[in-house]
Structures are given as structure tokens and as C-alpha cells.
Amino acid sequence: MKKMMTLVFMLACAAPTAALAAGPSLPLDRANIDMSDTASLQRGAEHFFQYCIGCHSIQFKRYNRMGRDLGLTDDQLREQFIHTRDPSGDQTGVGELIKIAMKPDDAEEWFGQPAPDLSLTARLRGTDWIYTTLRSFYLDDSRPMGVNNAIFEAMSMPHVLWELQGWQANVGEDGNIKLEQVAEGKLTTEEYDEVVRDITNFLAYVADPVKMERHELGKWVLLFLAFFTFLAYLLKREYWRDVH
Ligand code: HEC
């Protein structure tokens, strides 16, 4: 009976995970990002503003806050990153939120879905998920745009990085998914993985900018504690001097 109960309990715990993993899919690869690597974050931001900002906003973030965190000047932001204009026709200011020019209605008409804001995606989906999804597009004639995704089945996002990665096809049998490169892109697999890792790193930063500050703050807290311990030690020595 007890064994039976344990089994029921274990099945109940496993059920939600099993439901999430439904459908043919691939295991997630490790993103191995490093948020303290500013060069990687800068590269990720460059790729994001080149390939993704056309459809996805990150509207909880301001340009100049990103600039400050990533070591980019206001001039760099204006030249390389700000592609939108405000209603008066001037370039959007560096203190503004990072939105997109496309209207949600248009996106829905073109892709059947609005492209979601990506401010919190790294937290909701996880960085391994983003990293693996962006590397798992494959050719599929049954889809409206001829592309499917091994992690996000029937995803309505086109493979915007195809020029870099080239194309993969699904050569798995019996409903299984196995991806194989069928057309070369501009980059080798390793180079493409690196680009995706940088974009994932950038989205992790976007979703949790405070983490960088927390790490920075941690050093000062430790220093303070060390200093305080030293003071306490001096004080103790002072008190006990007359006792001995
Ligand atoms: C042409 C428009 C377009 C571009 C450009 C684009 N996406 Fe998308 N993206 C979409 C659409 C539409 C969806 C919604 C897919 C769905 O729900 O089926 C989406 C979904 C996503 C998701 C999943 C979000 C979620 O939680 O469901 C991620 C992550 C993502 N895109 C990342 C990117 C990145 C990174 C880039 C740049 C390399 C990019 N996208 C470029 C249209 C685009």
C-alpha cells in the first residue's frame, strides 16, 4: 500500500513535466552564457538590434540604461541601435523605452501572431530554451512559411538568421526529430552557436539587469564584512587587555 502511495505521488509530481514535454522535441542544449562578459553582451545587443528589433520590443528597458550597463556611449546608441522615430519625425531619444516601429496589428496579419515583447522571456522560458530554439529551425513544407522549429512546434516566427546558419532539415523517422544541415550558411556551426549564445546572453541581461548590480554590490558587502570583522577583533583585544 505504502509503495502504491509513493508511486501515485511520484506520478502526480511528474505529470506536469510530462505534459510540458509533449510532442516530438529535442533535449535543450546548455547555453553556457556569462553575464559578466561585457563584450559578449555588446555583440548580443548588436545582433539583436540588427536581426530582432524589427519585430520584438524590449519595452521595459531604456536605451541609455542599456548603454550604461553595456559600456555604450549615447552617440553609439544613436548611430547603431536606435532605428525608430518619435511622432515628430526625429530619432527616438536615448532616454526612451525600447519599442518597435511595427504595429501589433500588422504583425498579427503577417505572422498570424504578434511578436511578443522579449523583456522577460529569458526568465519565463530559460536561457537554454532560447539558445536551443534559435538553433532548431528546419525546412518544413507543411508550414505557411516553409519553416518549423524542433523546440517550438509550429512557431510562426521565420528563421531570421538563416543567412548565418544556412538550413537544416528533419531527417528523423517515425515522428522523431533529427536535424541535419542541408545548406551552408555564412558561418560555421561553432560561429553560429557563438552568435546565438551572445544574443541569449543579451536577453538574459535584459530580463535581469539587476543581477549585474547584485554581483558588483556583493564585492562591497564582502569587503565591508571583512573590515567590520577586523574592527570587532580590535575592540575585543581592547576589552580583554585589562582582564588578562
Ligand atoms: C519577422 C518578425 C520576427 C523577427 C525579425 C524575429 N522574430 Fe522572434 N518571433 C516572431 C513571432 C511572430 C513570434 C511568435 C511565435 C509564435 O508564438 O508562434 C516570435 C517568437 C519569438 C520567441 C518566443 C517567445 C515566447 O516566449 O513565446 C523568441 C525567444 C524570439 N522570437 C526570439 C527572437 C530573436 C532572438 C530574434 C532575432 C534573432 C527574433 N525573434 C526575430 C517574429 C519575429
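**Exercise 1.** How far does a polar side-chain atom of Arg125 lie from an oxygen atom of the ligand? Place this contact within the surroundings of the ligand in this predicted model.

*Solution.*
1. The distance from the polar side-chain atom of Arg125 to the ligand oxygen is 2.8 Å.
2. On the protein side, two further side chains offer an N or O atom: that of His56 is 2.8 Å from a nitrogen atom of the ligand, and that of Ser156 is 2.8 Å from an oxygen atom of the ligand.
3. The ligand is surrounded by 21 residues, the closest being Cys52, Cys55, His56, Arg125 and Met157.
4. By class, this shell comprises 16 nonpolar residues, four polar and one charged.
5. The ligand takes up the space of the largest pocket.

**Exercise 2.** Determine where along the chain the predictor's confidence is low.

*Solution.*
1. Begin with the whole chain: the average pLDDT is 87, and 89% of the residues score at least 70.
2. Turn to the elements: the highest mean pLDDT, 98, belongs to helix H8 (residues 162–165), and the lowest, 52, to helix H1 (residues 2–20).
3. Over residues 15–22 pLDDT stays under 50, and the model has zero contacts for them beyond four places in sequence.
4. Predicted coordinates should not be read in detail where pLDDT is low.

Terms used. Residues are numbered from 1 along each chain as its sequence is written. This is a predicted model: local features need pLDDT of at least 70, side-chain atom pairs count only at pLDDT 80 or more; totals for chains, interfaces and linings use all residues. Side-chain values use heavy atoms; hydrogens and water are left out. pLDDT is the predictor's confidence in each residue, from 0 to 100. Helices (H or I, at least four residues) and strands (E, at least two) are DSSP runs, numbered from the N terminus. Contact means heavy atoms within 4.5 Å. A residue is near a molecule or strand if one of its heavy atoms lies within 4 Å of it. A polar contact is a pair of N or O atoms within 3.5 Å; within protein, one must be able to donate a hydrogen and the other to accept it, and residues adjacent in sequence count only if both atoms are side-chain atoms. On a 1 Å grid over the protein atoms alone, a cavity is a set of points where a 1.4 Å probe fits but cannot get out, and a pocket is an open set with protein on both sides within 12 Å along at least five of seven lines; lining residues have an atom within 4 Å of a point. A molecule sits in a cavity or pocket if more than half of its atoms lie within 2 Å of its grid points. Ala, Val, Leu, Ile, Met, Phe, Trp, Tyr, Cys and Pro count as nonpolar, Asp, Glu, Lys and Arg as charged, and the others, Gly among them, as polar.
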